[in-house]
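Trainee: I am new to this structure and would like a close look at one part of it. Could you then walk me on to its surroundings?

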Amino acid sequence: MRQVRVAIEPALLGEHRPEVCWSWRLLLTGIGLPWREVPAGDPSCDIAYVGDPARAGGARLVVLADPERWRRPGLRLGGIAEGVECPHPLYQGESPGAPLVEVVDGRLLCRRDLLFDLFWLVTGQEEAHWPTDRHGHLLFEGTGADPPARRLPRLALASALGVFLEGRLTALGAGPPRARWPRGRRAAACVGHDVDYPEVIRWLEPLRIVRRRGPAGLAAAVAVLTGRRTHWHFDSWAADEKRLETRSAFFFVARRGSLVEYARGTPDPFYDVRSPRFRRLFRRLAGEGFEIGLHASYRAYLGEERLAAEKRRLEEASGVEVAGNRHHYWHLGPRSPESTLRLHERVGLRYDTSLTHERYAGWRRSVSWPFYPFHRGERRQLATLQIQTAWMDDHLFGHRRHNPDPPRELLEGLADTAAEQGGCLLIDVHDYVWDEVLFPGWRSAYLGLWRHLRERSDFWFATPGEVAAHWIERDRLLGERSQGLTG
(Lines give C-alpha, C1' and ligand atoms only; values in the text may rest on other atoms or scores of the structure.)
Protein backbone atom coordinates (compact mmCIF):
# COMPACT_ATOMS: atom_id res chain seq x y z
CA MET A 1 0.00 0.00 0.00
CA ARG A 2 1.62 3.24 -1.18
CA GLN A 3 1.99 6.15 1.22
CA VAL A 4 0.13 9.35 0.47
CA ARG A 5 2.68 12.16 0.51
CA VAL A 6 1.38 15.23 2.35
CA ALA A 7 3.02 18.66 2.31
CA ILE A 8 1.87 21.27 4.84
CA GLU A 9 2.27 25.04 5.01
CA PRO A 10 5.34 25.66 7.27
CA ALA A 11 3.65 28.56 9.09
CA LEU A 12 0.77 26.30 10.11
CA LEU A 13 3.16 23.66 11.41
CA GLY A 14 4.94 26.34 13.43
CA GLU A 15 1.80 27.59 15.17
CA HIS A 16 -0.68 24.71 15.00
CA ARG A 17 1.26 21.52 14.38
CA PRO A 18 -0.55 19.32 16.98
CA GLU A 19 -3.98 20.34 15.72
CA VAL A 20 -3.16 20.13 12.01
CA CYS A 21 -1.35 16.80 12.24
CA TRP A 22 -4.08 15.24 14.39
CA SER A 23 -6.67 16.30 11.81
CA TRP A 24 -4.72 14.79 8.91
CA ARG A 25 -4.13 11.56 10.83
CA LEU A 26 -7.83 11.26 11.69
CA LEU A 27 -8.78 11.88 8.07
CA LEU A 28 -6.26 9.51 6.47
CA THR A 29 -6.77 6.79 9.08
CA GLY A 30 -10.52 6.96 8.53
CA ILE A 31 -10.00 6.69 4.79
CA GLY A 32 -7.44 3.91 5.28
CA LEU A 33 -4.34 5.37 3.63
CA PRO A 34 -0.83 5.43 5.15
CA TRP A 35 0.97 8.75 4.82
CA ARG A 36 4.33 10.38 4.57
CA GLU A 37 4.91 14.00 5.55
CA VAL A 38 7.11 15.84 3.06
CA PRO A 39 8.29 19.47 2.90
CA ALA A 40 6.08 22.11 1.30
CA GLY A 41 6.92 22.47 -2.37
CA ASP A 42 8.13 18.87 -2.67
CA PRO A 43 7.65 17.85 -6.32
CA SER A 44 6.64 14.31 -5.27
CA CYS A 45 3.77 15.26 -2.94
CA ASP A 46 0.22 14.05 -3.57
CA ILE A 47 -1.56 16.52 -1.28
CA ALA A 48 -0.49 20.08 -0.57
CA TYR A 49 -2.10 21.89 2.33
CA VAL A 50 -0.87 25.41 1.72
CA GLY A 51 -2.07 28.99 1.66
CA ASP A 52 -0.87 29.67 -1.89
CA PRO A 53 -1.14 27.19 -4.82
CA ALA A 54 2.26 28.44 -5.99
CA ARG A 55 3.81 26.54 -3.04
CA ALA A 56 2.02 23.28 -3.86
CA GLY A 57 4.98 21.60 -5.57
CA GLY A 58 3.84 18.66 -7.67
CA ALA A 59 0.65 18.01 -5.69
CA ARG A 60 -2.31 16.76 -7.63
CA LEU A 61 -4.72 17.76 -4.82
CA VAL A 62 -4.33 21.20 -3.26
CA VAL A 63 -6.35 22.21 -0.19
CA LEU A 64 -6.01 25.91 0.55
CA ALA A 65 -5.26 26.49 4.21
CA ASP A 66 -6.80 29.43 6.08
CA PRO A 67 -4.38 30.35 8.92
CA GLU A 68 -6.78 32.92 10.34
CA ARG A 69 -9.39 30.26 11.06
CA TRP A 70 -6.81 28.15 12.89
CA ARG A 71 -5.91 31.18 15.04
CA ARG A 72 -9.54 31.62 16.09
CA PRO A 73 -11.01 28.12 16.10
CA GLY A 74 -13.91 28.98 18.41
CA LEU A 75 -15.60 31.26 15.85
CA ARG A 76 -18.84 30.00 14.37
CA LEU A 77 -18.69 28.99 10.73
CA GLY A 78 -21.07 29.38 7.82
CA GLY A 79 -21.68 27.04 4.93
CA ILE A 80 -22.13 23.88 6.99
CA ALA A 81 -25.45 23.95 8.84
CA GLU A 82 -27.13 25.37 5.74
CA GLY A 83 -26.17 22.32 3.72
CA VAL A 84 -28.72 19.77 4.86
CA GLU A 85 -30.74 19.99 1.64
CA CYS A 86 -27.95 20.33 -0.94
CA PRO A 87 -26.99 17.43 -3.26
CA HIS A 88 -23.69 17.05 -1.44
CA PRO A 89 -24.55 17.86 2.17
CA LEU A 90 -21.20 19.32 3.16
CA TYR A 91 -21.15 22.90 2.00
CA GLN A 92 -23.55 25.29 0.42
CA GLY A 93 -24.32 28.92 1.03
CA GLU A 94 -20.95 30.53 0.29
CA SER A 95 -21.24 30.75 -3.51
CA PRO A 96 -24.31 29.08 -4.97
CA GLY A 97 -23.32 26.54 -7.57
CA ALA A 98 -19.57 26.81 -6.92
CA PRO A 99 -17.84 23.39 -6.92
CA LEU A 100 -16.15 22.23 -3.74
CA VAL A 101 -13.16 21.02 -5.76
CA GLU A 102 -12.30 22.21 -9.27
CA VAL A 103 -9.55 21.52 -11.80
CA VAL A 104 -7.07 24.39 -12.05
CA ASP A 105 -3.86 24.11 -14.09
CA GLY A 106 -4.19 20.35 -14.31
CA ARG A 107 -4.71 19.66 -10.60
CA LEU A 108 -7.63 19.50 -8.16
CA LEU A 109 -7.96 22.66 -6.10
CA CYS A 110 -10.16 23.11 -3.05
CA ARG A 111 -10.52 26.77 -2.14
CA ARG A 112 -12.09 26.06 1.25
CA ASP A 113 -10.05 24.82 4.22
CA LEU A 114 -11.66 21.41 4.54
CA LEU A 115 -9.14 20.24 7.10
CA PHE A 116 -10.05 23.01 9.50
CA ASP A 117 -13.72 22.20 8.97
CA LEU A 118 -13.01 18.64 10.06
CA PHE A 119 -11.10 19.87 13.13
CA TRP A 120 -13.91 22.29 13.97
CA LEU A 121 -16.57 19.59 13.72
CA VAL A 122 -14.80 16.76 15.52
CA THR A 123 -13.50 18.86 18.43
CA GLY A 124 -16.97 20.27 19.06
CA GLN A 125 -16.28 23.96 18.49
CA GLU A 126 -19.93 24.65 17.78
CA GLU A 127 -21.02 23.02 21.05
CA ALA A 128 -19.71 25.97 23.05
CA HIS A 129 -22.48 28.10 21.51
CA TRP A 130 -25.43 25.80 22.33
CA PRO A 131 -27.50 25.90 25.54
CA THR A 132 -27.69 22.83 27.78
CA ASP A 133 -30.18 21.34 30.20
CA ARG A 134 -29.47 20.55 33.85
CA HIS A 135 -27.70 17.31 32.91
CA GLY A 136 -25.41 19.06 30.43
CA HIS A 137 -27.24 17.73 27.36
CA LEU A 138 -26.96 19.98 24.32
CA LEU A 139 -30.15 21.70 23.13
CA PHE A 140 -30.76 22.83 19.57
CA GLU A 141 -34.15 24.37 20.25
CA GLY A 142 -34.26 28.15 20.39
CA THR A 143 -30.85 28.61 18.77
CA GLY A 144 -32.10 29.85 15.42
CA ALA A 145 -30.76 26.75 13.67
CA ASP A 146 -33.60 24.43 14.63
CA PRO A 147 -35.18 22.35 13.10
CA PRO A 148 -32.39 21.76 10.49
CA ALA A 149 -29.72 21.51 13.20
CA ARG A 150 -31.34 18.52 14.88
CA ARG A 151 -30.83 16.58 11.64
CA LEU A 152 -27.15 17.41 11.28
CA PRO A 153 -25.87 14.60 13.55
CA ARG A 154 -27.46 12.07 11.20
CA LEU A 155 -25.27 13.30 8.33
CA ALA A 156 -21.94 12.68 10.11
CA LEU A 157 -20.42 15.50 8.08
CA ALA A 158 -16.80 14.94 9.15
CA SER A 159 -16.91 11.35 7.90
CA ALA A 160 -18.75 12.51 4.77
CA LEU A 161 -15.88 14.91 4.16
CA GLY A 162 -13.46 11.99 4.45
CA VAL A 163 -15.41 9.88 1.99
CA PHE A 164 -15.56 12.85 -0.39
CA LEU A 165 -11.77 13.23 -0.33
CA GLU A 166 -11.29 9.46 -0.49
CA GLY A 167 -13.02 9.44 -3.85
CA ARG A 168 -10.78 12.22 -5.15
CA LEU A 169 -7.62 10.56 -3.87
CA THR A 170 -8.60 7.20 -5.33
CA ALA A 171 -9.19 8.85 -8.70
CA LEU A 172 -5.66 10.26 -8.46
CA GLY A 173 -4.24 6.77 -7.95
CA ALA A 174 -3.75 6.85 -4.18
CA GLY A 175 -5.68 3.67 -3.40
CA PRO A 176 -6.78 1.16 -2.71
CA PRO A 177 -7.28 2.11 0.95
CA ARG A 178 -7.11 -0.38 3.78
CA ALA A 179 -10.52 -1.95 4.41
CA ARG A 180 -12.37 -0.40 7.31
CA TRP A 181 -14.09 -3.59 8.45
CA PRO A 182 -13.52 -7.37 8.30
CA ARG A 183 -15.01 -9.88 5.85
CA GLY A 184 -15.53 -7.34 3.10
CA ARG A 185 -18.31 -5.59 5.00
CA ARG A 186 -19.04 -1.92 4.32
CA ALA A 187 -19.91 -0.95 7.90
CA ALA A 188 -20.08 -2.25 11.47
CA ALA A 189 -23.07 -2.63 13.78
CA CYS A 190 -23.07 -3.16 17.52
CA VAL A 191 -25.39 -2.69 20.48
CA GLY A 192 -24.94 -1.92 24.16
CA HIS A 193 -27.54 -2.21 26.91
CA ASP A 194 -27.43 0.34 29.73
CA VAL A 195 -28.25 -1.62 32.87
CA ASP A 196 -30.12 1.01 34.86
CA TYR A 197 -33.08 -0.62 36.64
CA PRO A 198 -32.85 -4.43 36.47
CA GLU A 199 -34.43 -4.77 39.93
CA VAL A 200 -37.65 -2.81 40.37
CA ILE A 201 -38.76 -1.16 43.59
CA ARG A 202 -42.23 -2.66 43.63
CA TRP A 203 -43.98 0.23 45.33
CA LEU A 204 -42.25 2.87 43.18
CA GLU A 205 -42.19 1.43 39.68
CA PRO A 206 -46.00 1.29 39.29
CA LEU A 207 -46.11 5.05 39.86
CA ARG A 208 -43.51 5.53 37.10
CA ILE A 209 -45.55 3.34 34.74
CA VAL A 210 -48.75 5.33 35.31
CA ARG A 211 -46.85 8.59 34.91
CA ARG A 212 -45.38 7.35 31.63
CA ARG A 213 -48.49 5.75 30.12
CA GLY A 214 -51.45 7.21 31.98
CA PRO A 215 -54.58 5.07 32.50
CA ALA A 216 -53.40 2.66 29.78
CA GLY A 217 -50.63 1.56 32.12
CA LEU A 218 -52.77 0.64 35.12
CA ALA A 219 -52.86 -3.10 34.40
CA ALA A 220 -49.10 -3.21 33.86
CA ALA A 221 -48.55 -1.23 37.06
CA VAL A 222 -50.58 -3.78 39.03
CA ALA A 223 -48.59 -6.61 37.44
CA VAL A 224 -45.33 -5.04 38.63
CA LEU A 225 -46.74 -4.30 42.08
CA THR A 226 -47.73 -7.94 42.52
CA GLY A 227 -44.44 -9.27 41.15
CA ARG A 228 -45.88 -10.77 37.96
CA ARG A 229 -43.68 -8.52 35.81
CA THR A 230 -40.07 -7.51 36.44
CA HIS A 231 -37.18 -5.73 34.73
CA TRP A 232 -34.82 -8.70 34.91
CA HIS A 233 -34.59 -9.54 31.20
CA PHE A 234 -30.99 -10.62 30.62
CA ASP A 235 -31.92 -14.12 29.48
CA SER A 236 -34.55 -12.69 27.14
CA TRP A 237 -32.10 -10.27 25.55
CA ALA A 238 -29.54 -13.04 25.18
CA ALA A 239 -32.08 -15.32 23.50
CA ASP A 240 -33.20 -12.59 21.09
CA GLU A 241 -29.65 -11.75 20.09
CA LYS A 242 -28.59 -15.34 19.65
CA ARG A 243 -31.45 -15.75 17.16
CA LEU A 244 -30.07 -12.70 15.32
CA GLU A 245 -26.54 -14.17 15.48
CA THR A 246 -25.19 -11.20 17.36
CA ARG A 247 -23.80 -10.42 20.81
CA SER A 248 -24.14 -7.19 22.75
CA ALA A 249 -22.42 -5.41 25.61
CA PHE A 250 -24.13 -4.88 28.96
CA PHE A 251 -22.94 -1.73 30.71
CA PHE A 252 -23.30 -2.00 34.52
CA VAL A 253 -23.20 0.79 37.10
CA ALA A 254 -20.68 -0.19 39.76
CA ARG A 255 -21.64 2.55 42.23
CA ARG A 256 -24.81 1.84 44.17
CA GLY A 257 -27.13 4.81 44.52
CA SER A 258 -30.18 5.39 46.69
CA LEU A 259 -33.59 7.02 46.58
CA VAL A 260 -32.33 9.82 48.82
CA GLU A 261 -29.45 10.58 46.46
CA TYR A 262 -31.78 10.35 43.50
CA ALA A 263 -34.09 12.94 45.04
CA ARG A 264 -31.10 15.21 45.68
CA GLY A 265 -29.89 15.14 42.09
CA THR A 266 -27.60 12.09 41.82
CA PRO A 267 -29.71 9.59 39.85
CA ASP A 268 -27.55 6.47 40.11
CA PRO A 269 -29.24 3.03 40.01
CA PHE A 270 -29.87 1.08 43.19
CA TYR A 271 -28.38 -2.37 42.54
CA ASP A 272 -25.13 -3.84 43.88
CA VAL A 273 -22.85 -5.52 41.31
CA ARG A 274 -21.09 -7.39 44.13
CA SER A 275 -24.22 -9.30 45.16
CA PRO A 276 -24.34 -13.06 44.46
CA ARG A 277 -27.14 -12.59 41.96
CA PHE A 278 -25.05 -10.27 39.79
CA ARG A 279 -21.91 -12.35 40.14
CA ARG A 280 -23.81 -15.34 38.76
CA LEU A 281 -25.18 -13.16 35.96
CA PHE A 282 -21.70 -11.98 34.99
CA ARG A 283 -20.41 -15.54 34.71
CA ARG A 284 -23.34 -16.53 32.52
CA LEU A 285 -23.12 -13.53 30.20
CA ALA A 286 -19.36 -13.77 29.76
CA GLY A 287 -19.58 -17.51 29.18
CA GLU A 288 -22.04 -16.94 26.31
CA GLY A 289 -19.91 -14.35 24.56
CA PHE A 290 -21.57 -11.15 25.77
CA GLU A 291 -19.43 -8.21 26.80
CA ILE A 292 -19.47 -6.62 30.25
CA GLY A 293 -18.76 -2.89 30.27
CA LEU A 294 -18.86 -0.04 32.75
CA HIS A 295 -21.77 2.38 33.00
CA ALA A 296 -19.89 5.13 34.83
CA SER A 297 -21.97 6.75 37.55
CA TYR A 298 -23.56 10.18 37.25
CA ARG A 299 -20.70 12.00 38.97
CA ALA A 300 -17.81 9.73 37.97
CA TYR A 301 -16.45 12.57 35.82
CA LEU A 302 -15.47 14.50 38.96
CA GLY A 303 -12.21 12.63 39.48
CA GLU A 304 -9.87 9.89 38.33
CA GLU A 305 -10.12 7.90 41.54
CA ARG A 306 -13.92 7.78 41.40
CA LEU A 307 -13.87 6.35 37.89
CA ALA A 308 -10.97 4.00 38.64
CA ALA A 309 -12.72 2.67 41.75
CA GLU A 310 -15.88 1.90 39.77
CA LYS A 311 -13.88 0.10 37.10
CA ARG A 312 -12.03 -1.96 39.73
CA ARG A 313 -15.27 -2.83 41.53
CA LEU A 314 -16.93 -4.11 38.38
CA GLU A 315 -13.85 -6.10 37.34
CA GLU A 316 -13.64 -7.71 40.76
CA ALA A 317 -17.35 -8.58 40.74
CA SER A 318 -17.45 -9.85 37.16
CA GLY A 319 -14.05 -11.53 36.98
CA VAL A 320 -13.35 -9.98 33.55
CA GLU A 321 -11.31 -7.03 32.35
CA VAL A 322 -13.50 -4.02 31.58
CA ALA A 323 -12.49 -2.47 28.25
CA GLY A 324 -15.37 -0.09 27.53
CA ASN A 325 -17.53 2.52 29.15
CA ARG A 326 -20.65 4.59 28.72
CA HIS A 327 -21.50 7.39 31.17
CA HIS A 328 -24.86 7.27 32.92
CA TYR A 329 -27.07 10.07 31.50
CA TRP A 330 -24.20 10.68 29.01
CA HIS A 331 -22.86 12.79 31.90
CA LEU A 332 -19.35 13.59 30.71
CA GLY A 333 -18.92 16.79 32.67
CA PRO A 334 -21.01 19.53 31.09
CA ARG A 335 -18.37 22.27 30.96
CA SER A 336 -15.45 20.21 29.70
CA PRO A 337 -16.19 16.87 28.03
CA GLU A 338 -12.53 16.51 27.03
CA SER A 339 -11.48 16.57 30.71
CA THR A 340 -13.67 13.52 31.26
CA LEU A 341 -12.38 11.82 28.11
CA ARG A 342 -8.88 12.31 29.49
CA LEU A 343 -9.88 10.35 32.61
CA HIS A 344 -10.67 7.34 30.43
CA GLU A 345 -7.06 6.91 29.33
CA ARG A 346 -5.82 7.43 32.89
CA VAL A 347 -7.90 4.55 34.24
CA GLY A 348 -7.03 2.26 31.33
CA LEU A 349 -10.26 2.14 29.32
CA ARG A 350 -9.72 1.04 25.72
CA TYR A 351 -12.88 2.67 24.42
CA ASP A 352 -15.79 4.91 25.43
CA THR A 353 -19.21 5.47 23.83
CA SER A 354 -20.44 8.59 25.64
CA LEU A 355 -20.03 11.46 23.15
CA THR A 356 -23.68 11.37 22.14
CA HIS A 357 -26.78 13.55 22.03
CA GLU A 358 -29.47 12.76 24.59
CA ARG A 359 -32.25 14.22 22.46
CA TYR A 360 -31.16 13.81 18.85
CA ALA A 361 -30.38 10.69 16.85
CA GLY A 362 -27.10 10.64 14.95
CA TRP A 363 -23.39 11.02 15.50
CA ARG A 364 -22.32 13.81 17.83
CA ARG A 365 -19.14 15.54 16.62
CA SER A 366 -20.12 14.45 13.08
CA VAL A 367 -18.02 11.26 12.97
CA SER A 368 -19.44 7.85 12.12
CA TRP A 369 -15.95 6.30 12.29
CA PRO A 370 -14.35 5.42 15.63
CA PHE A 371 -11.66 7.98 16.45
CA TYR A 372 -9.21 9.17 19.08
CA PRO A 373 -10.40 12.53 20.48
CA PHE A 374 -8.17 15.59 20.66
CA HIS A 375 -7.65 17.37 23.99
CA ARG A 376 -7.46 21.03 23.11
CA GLY A 377 -6.03 22.12 26.46
CA GLU A 378 -3.12 19.68 26.30
CA ARG A 379 -2.95 19.86 22.48
CA ARG A 380 -2.69 16.11 21.98
CA GLN A 381 -4.57 13.00 20.95
CA LEU A 382 -6.14 11.01 23.77
CA ALA A 383 -5.42 7.30 24.04
CA THR A 384 -8.97 5.98 24.59
CA LEU A 385 -10.93 5.31 21.40
CA GLN A 386 -14.33 6.97 21.04
CA ILE A 387 -17.15 5.02 19.36
CA GLN A 388 -20.10 7.33 18.87
CA THR A 389 -23.54 6.05 19.84
CA ALA A 390 -25.82 6.91 16.91
CA TRP A 391 -29.22 5.89 18.29
CA MET A 392 -30.63 5.48 21.79
CA ASP A 393 -34.02 3.80 22.19
CA ASP A 394 -35.51 6.84 23.93
CA HIS A 395 -34.94 8.98 20.82
CA LEU A 396 -38.09 7.35 19.43
CA PHE A 397 -40.10 7.49 22.64
CA GLY A 398 -39.28 9.98 25.39
CA HIS A 399 -37.67 12.36 22.85
CA ARG A 400 -40.01 11.63 19.98
CA ARG A 401 -40.80 15.29 19.29
CA HIS A 402 -37.10 15.95 18.65
CA ASN A 403 -36.97 13.09 16.14
CA PRO A 404 -40.29 13.41 14.30
CA ASP A 405 -39.38 11.35 11.24
CA PRO A 406 -41.14 7.98 10.87
CA PRO A 407 -39.16 5.56 13.08
CA ARG A 408 -38.35 3.08 10.35
CA GLU A 409 -37.22 5.86 8.02
CA LEU A 410 -35.00 7.36 10.72
CA LEU A 411 -33.34 4.06 11.68
CA GLU A 412 -32.83 2.83 8.14
CA GLY A 413 -31.47 6.27 7.24
CA LEU A 414 -28.82 5.90 9.95
CA ALA A 415 -27.96 2.48 8.54
CA ASP A 416 -27.66 3.93 5.03
CA THR A 417 -25.33 6.70 6.26
CA ALA A 418 -23.13 4.24 8.14
CA ALA A 419 -22.86 2.04 5.04
CA GLU A 420 -22.14 4.97 2.70
CA GLN A 421 -19.35 6.22 4.98
CA GLY A 422 -17.94 2.89 6.12
CA GLY A 423 -18.93 3.86 9.64
CA CYS A 424 -20.08 2.14 12.80
CA LEU A 425 -23.74 2.03 13.82
CA LEU A 426 -23.65 1.68 17.60
CA ILE A 427 -27.01 1.75 19.36
CA ASP A 428 -28.09 1.91 22.99
CA VAL A 429 -31.09 -0.10 24.18
CA HIS A 430 -31.79 -0.08 27.91
CA ASP A 431 -31.91 -3.35 29.80
CA TYR A 432 -35.43 -2.97 31.19
CA VAL A 433 -37.34 -2.16 27.98
CA TRP A 434 -37.51 -5.74 26.66
CA ASP A 435 -41.11 -6.10 27.91
CA GLU A 436 -43.61 -5.04 25.21
CA VAL A 437 -46.34 -4.61 27.84
CA LEU A 438 -44.35 -2.18 29.97
CA PHE A 439 -42.56 -0.51 27.04
CA PRO A 440 -44.57 -1.12 23.88
CA GLY A 441 -42.52 -0.73 20.73
CA TRP A 442 -39.08 -0.33 22.31
CA ARG A 443 -37.76 -3.86 21.87
CA SER A 444 -39.42 -4.32 18.49
CA ALA A 445 -37.78 -1.14 17.13
CA TYR A 446 -34.35 -2.55 17.90
CA LEU A 447 -35.12 -6.03 16.60
CA GLY A 448 -36.65 -4.59 13.43
CA LEU A 449 -33.52 -2.56 12.76
CA TRP A 450 -31.27 -5.56 13.33
CA ARG A 451 -33.32 -7.74 10.99
CA HIS A 452 -33.05 -5.01 8.38
CA LEU A 453 -29.27 -4.93 8.78
CA ARG A 454 -29.11 -8.71 8.50
CA GLU A 455 -31.07 -8.62 5.27
CA ARG A 456 -28.69 -6.00 3.84
CA SER A 457 -25.71 -8.33 4.43
CA ASP A 458 -23.16 -5.48 4.24
CA PHE A 459 -22.71 -4.94 8.01
CA TRP A 460 -20.18 -6.63 10.26
CA PHE A 461 -21.86 -7.53 13.58
CA ALA A 462 -19.69 -7.46 16.68
CA THR A 463 -19.64 -6.33 20.28
CA PRO A 464 -18.46 -2.77 20.92
CA GLY A 465 -15.28 -4.22 22.39
CA GLU A 466 -14.60 -6.20 19.23
CA VAL A 467 -15.20 -3.09 17.12
CA ALA A 468 -12.74 -1.18 19.30
CA ALA A 469 -10.12 -3.93 19.12
CA HIS A 470 -10.39 -4.07 15.34
CA TRP A 471 -10.13 -0.29 14.88
CA ILE A 472 -7.23 0.02 17.32
CA GLU A 473 -5.29 -2.66 15.44
CA ARG A 474 -6.15 -1.09 12.08
CA ASP A 475 -4.94 2.29 13.36
CA ARG A 476 -1.70 0.69 14.59
CA LEU A 477 -0.98 -0.99 11.27
CA LEU A 478 -1.60 2.21 9.31
CA GLY A 479 0.64 4.10 11.73
CA GLU A 480 3.44 1.56 11.29
CA ARG A 481 3.34 2.12 7.54
CA SER A 482 3.34 5.91 7.87
CA GLN A 483 5.89 8.63 8.53
CA GLY A 484 5.44 12.09 10.04
CA LEU A 485 2.28 14.02 10.95
CA THR A 486 3.23 13.83 14.59
CA GLY A 487 3.46 16.58 17.16
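Trainee: In which helix is the place of L207?

Mentor: Happy to help! Please keep in mind that this is a predicted model. L207 has its place in helix α6, which covers residues 205-213. With a relative accessible area of 56%, L207 is exposed, because anything over 50% counts as exposed. L207 also has partners on the surface: together with W203 and L259 it forms a nonpolar patch, and the accessible area of these residues together is about 340 Å².

From that patch, let us turn to charged pairs. The structure holds 43 salt bridges, and a few of them are worth visiting. One of them joins the side chains of R17 and E37, with 2.9 Å from N to O. R17 belongs to helix α1 (residues 10-31) and E37 to strand β2 (residues 35-38), so this pair ties together parts that are 20 residues apart in sequence. R17 counts as partly exposed, since its relative accessibility is 23%.

Another salt bridge runs between E127 and R365, whose closest N and O atoms are 3.0 Å apart. Here distant parts of the chain are linked: E127 sits in the loop between α3 (114-122) and α4 (148-155), while R365 sits in the loop between β11 (351-352) and β12 (374-375), 238 residues apart. Both E127 and R365 are buried.

A further pair is D194 and R326, also a salt bridge, with the closest N and O atoms 2.8 Å apart. This pair connects two strands in distant parts of the chain: D194 is in β7 (residues 187-195) and R326 in β10 (residues 324-327), 132 residues apart. D194 has a relative accessible area of 4%, so it is buried. R326 counts as buried too, because its relative accessibility is 0%. Elsewhere, salt bridges that share partners bring R2, R5, D46 and R60 into one network.

Finally, a word on confidence. The pLDDT averages 91 over the chain, and 93% of the residues score at least 70. Two stretches call for care as you look around. Across residues 81-90 the pLDDT stays under 50, and the model gives this stretch 20 contacts beyond four places in sequence. Residues 92-96 also have a pLDDT below 50, with 6 contacts in the model beyond near neighbours in sequence.

To return to your starting point, L207 is an exposed residue of helix α6, and it shares a nonpolar surface patch with W203 and L259.

Definitions and conventions: Residues numbered from 1 in each chain as written. Predicted model: local features only at pLDDT ≥ 70, side-chain atom pairs only at ≥ 80, totals over all residues. Heavy atoms only, no water. Patch = residues over 30% accessible without salt bridge, like charges linked within 9 Å, V, L, I, M, F, W, Y side chains within 5 Å. Areas by Shrake-Rupley, 256 points an atom, 1.4 Å probe, with all protein chains shown as cover. Salt bridge = Lys/Arg side-chain N within 4 Å of Asp/Glu carboxyl O. Helix = DSSP H or I, 4+ residues; strand = E, 2+ residues; numbered from the N terminus. Buried < 20%, exposed > 50% of the residue type's maximum accessible area, 1.4 Å probe, protein only. pLDDT = per-residue confidence, 0-100. Contact = heavy atoms within 4.5 Å.
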